[in-house]
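Got your viewer open? Load the model, switch to cartoon view, and we'll walk through it stop by stop.

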Amino acid sequence: RGREALRVLVVDDEQFVRETLADMVEALGHEVASAAGGREALAALEEAPADFVFTDLSMPGMDGWEFAREVRRRWPATRVCIVTGYGKDLSHDAPDEHPPADAVIGKPFDFEQVEETLARLSSRQ
């Protein structure tokens with residue numbers, strides 16, 4: 001591989017999706033932490049900042065855009081990928097000049113998408 005392992009946080013309120021994505025990231029040789037929602041994920045990042053975050057879009061309490069904006073504000077170097085079942089081309093309702101996420105992938109995602117997204121975004125550090 002030659003690339004160093006990234007610290008990746010996976011955030012999804014559905015346990016199956018969270019575990020599947022975490023397993024894929026681990027299989028790619030990265031260190032993984034996971035959280036079931038935005039607030040829990042922010043607490044995890046306080047403990048140990050991540051290089052990369054995959055977050056579900058629709059979660060109770062704090063949605064993926066809200067979470068991504070907070071990560072952007074507090075950890076600007078952390079890359080964020082939104083994972084959504086609503087289709088990739090969703091235009092988020094944030095009129096930000098700087099979108100809160102670096103990438104969006106649709107569900108169901110596959111191993112290649114996860115690998116490609118991590119490779120593409122980690123090369124932009």
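The tour goes from the whole fold to the sheet, then to the helices, and ends at two buried residues.

**Before you click**

This is a predicted model, in which local features need pLDDT of at least 70 and side-chain atom pairs count only at pLDDT 80 or more, while totals for chains, interfaces and linings use all residues. Residues are numbered from 1 along each chain as its sequence is written, and side-chain values use heavy atoms, with hydrogens and water left out.

**Stop 1: the whole chain**

Color by secondary structure and you'll find four helices and five strands (DSSP runs numbered from the N terminus: H or I of at least four residues for helices, E of at least two for strands). Starting at the N terminus, the order is β-α-β-α-β-α-β-β-α. Of the 125 residues in the protein, 48% are buried (buried means under 20% relative accessible area, exposed over 50%, partly exposed in between, with a 1.4 Å probe and protein chains only). Now for contacts, meaning heavy atoms within 4.5 Å: among those between residues at least 6 apart in sequence, 67% join residues at least 24 apart.

**Stop 2: the sheet**

Select the strands. They make an open, parallel sheet in the order β2-β1-β3-β4-β5 (two strands pair if DSSP finds at least two bridges between them). At the edges are β2 (31-35) and β5 (103-106), each with a single partner strand, so one side of each has no neighbour in the sheet. Neighbouring strands are turned by 20° against each other on average, direction ignored (axes are lines fitted to C-alpha atoms, for helices over the stretch in contact, and angles run from 0 to 180 degrees between N-to-C directions).

Zoom in on β1 (residues 7-11) and β3 (residues 52-56): they run parallel and are joined by four bridges. Click Val 8, and its bridge partner in β3 is Phe 52.

**Stop 3: helices on the sheet**

Next, select 38-47. That's helix α2, which packs on the sheet and touches β1, β2 and β3, its direction making about 165° with that of β1. Then take 64-74, helix α3, which also packs on the sheet: it touches β1, β3, β4 (79-84) and β5, and its direction makes about 175° with that of β4.

**Stop 4: the α1/α4 pair**

Show α1 (residues 15-27) with α4 (residues 111-122); their axes come within 10 Å and cross at roughly 60°. That makes α1 oblique to α4 (under 35 degrees is roughly parallel, over 145 roughly antiparallel, 65 to 115 roughly perpendicular, and the rest oblique). Turn on side chains for Leu 21, Met 24, Val 25 and Ala 27 in α1, and you'll see them meet Phe 111, Val 114 and Leu 118 in α4.

**Stop 5: Thr 117 and the β5 edge**

Stay in α4 and pick Thr 117. What is Thr 117 in contact with, leaving aside its neighbours within four places in sequence? Phe 52, Phe 54, Cys 81, Ala 103 and Ile 105. Thr 117 counts as buried, at 1% relative accessibility.

Follow that list to β5, which pairs with β4 in the parallel sense over four bridges; Cys 81 has Ala 103 as its bridge partner there. Both faces of β5 are covered, with Ala 103 and Ile 105 on one side and Val 104 and Gly 106 on the other, all buried.

Finish on Ile 105 in β5, buried with a relative accessible area of 2%. Try a distance label from Ile 105 to Ile 82: they're 23 residues apart in sequence and 6.3 Å apart in space, C-alpha to C-alpha.
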